[in-house]
Amino acid sequence: MTVIDLGGGATDRASSAAGPATLIDLNNTANDTGTIDTFEIWANTNLTACQAATAYLVSGNSWTSRDYQSVGNITSGSKQTFTGLSIDVTLGDAICFEWSGTGAMERDVSGSGVKYFSQVSIPFTNKDFGATIAARTYSVYETGATLGWAGEFCGVAVAEFDGVVPAEIDGV
């Protein structure tokens, strides 16, 4: 099992940006394929109706959200952590998030940049996010794990999750 992580980290940053917005943060894209189970965020001011997501580049500036989950309202002033999520992620995906009301996100004017849309739009398919806003890192971070090993044993398809082999083949 491999730990998967996306985003630049949920920390108290030097500046902020107001919403509502849908953002794709290009810092630290997914290092493997699996499931995101934890979302961390640091808001500058309280945020409403937030969603955590993963997204992938279709072509040019067009992006599609892969999967998402609502995390609700975010309290500002410290890192907020949401666990028990189940968001699909594929190698190379970027972290995506949005909030629908007023409020501002912590950010730095450094890093790989972001894709920005001034309206709420998750889920989206082939959405043109326009040019990358260079040198930006937002205070969001997602972690999860790969799905485990899958293969064949004596001609039988098997999967191993966290070191556990299904009972049907245990001891074969």
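This is a short tour of the structure, stop by stop, with something to select at each one.

**Before you start**

The model is predicted, so local features need pLDDT of at least 70 and side-chain atom pairs count only at pLDDT 80 or more, while totals for chains, interfaces and linings use all residues. Residues are numbered from 1 along each chain as its sequence is written, and side-chain values use heavy atoms, with hydrogens and water left out.

**Stop 1: the whole chain**

Show the cartoon of the full chain. You will find 15 strands and zero helices; both are DSSP runs numbered from the N terminus, with helices being H or I of at least four residues and strands being E of at least two. Now colour by burial. Of the 172 residues, 43% are buried, where buried means under 20% relative accessible area, exposed means over 50%, and partly exposed lies in between (1.4 Å probe, protein chains only).

Switch on the surface next. Its accessible area comes to about 8000 Å², and carbon and sulfur atoms account for 50% of that; the areas come from the Shrake-Rupley method with a 1.4 Å probe, and for residues only the protein chains shown count as cover. If you like contact maps, take contacts (heavy atoms within 4.5 Å) between residues at least 6 apart in sequence: 79% of them join residues at least 24 apart.

**Stop 2: a three-stranded sheet**

Select 15-18, 104-108 and 137-138. These are β2 and β12, together with β9. They form an open sheet in the order β2-β9-β12, with antiparallel pairing. β2 and β12 are its edge strands, each pairing on one side only. Strands count as paired if DSSP finds at least two bridges between them; β2 and β9 have four. To see one of these, pick A17 and look across to its bridge partner in β9, M105.

**Stop 3: R13 and D108**

Stay with β9 and show the side chain of D108. Which residue does D108 meet in a salt bridge? The partner is R13, at 2.8 Å from N to O. A salt bridge here is a side-chain nitrogen of Lys or Arg within 4 Å of a carboxyl oxygen of Asp or Glu. R13 sits in the loop between β1 (3-6) and β2, whereas D108 is in β9, 95 residues apart. Both ends are buried: R13 has a relative accessible area of 13%, and D108 has 18%.

**Stop 4: two further salt bridges**

The whole structure holds three salt bridges, so there is more to visit. Select K79 and E40, whose closest N and O atoms are 3.7 Å apart. K79 lies in β7 (79-89) and E40 in β4 (34-42), so this pair ties together parts 39 residues apart in sequence. K79 is partly exposed at 42%, whereas E40 is buried at 16%.

Then go to D93 and R66, where the closest N and O atoms are 2.6 Å apart. Because D93 lies in the loop between β7 and β8 (94-99) and R66 in β6 (62-74), the pair ties together parts 27 residues apart in sequence. Here D93 is buried at 1%, and R66 is partly exposed at 32%.

**Stop 5: the cysteines**

Finish by selecting C50 and C96. C50 is buried, with 1% relative accessible area, and C96 is buried too, with 0%. How many disulfides are there? The count is zero, taking a disulfide as a pair of cysteine sulfur atoms within 2.5 Å.
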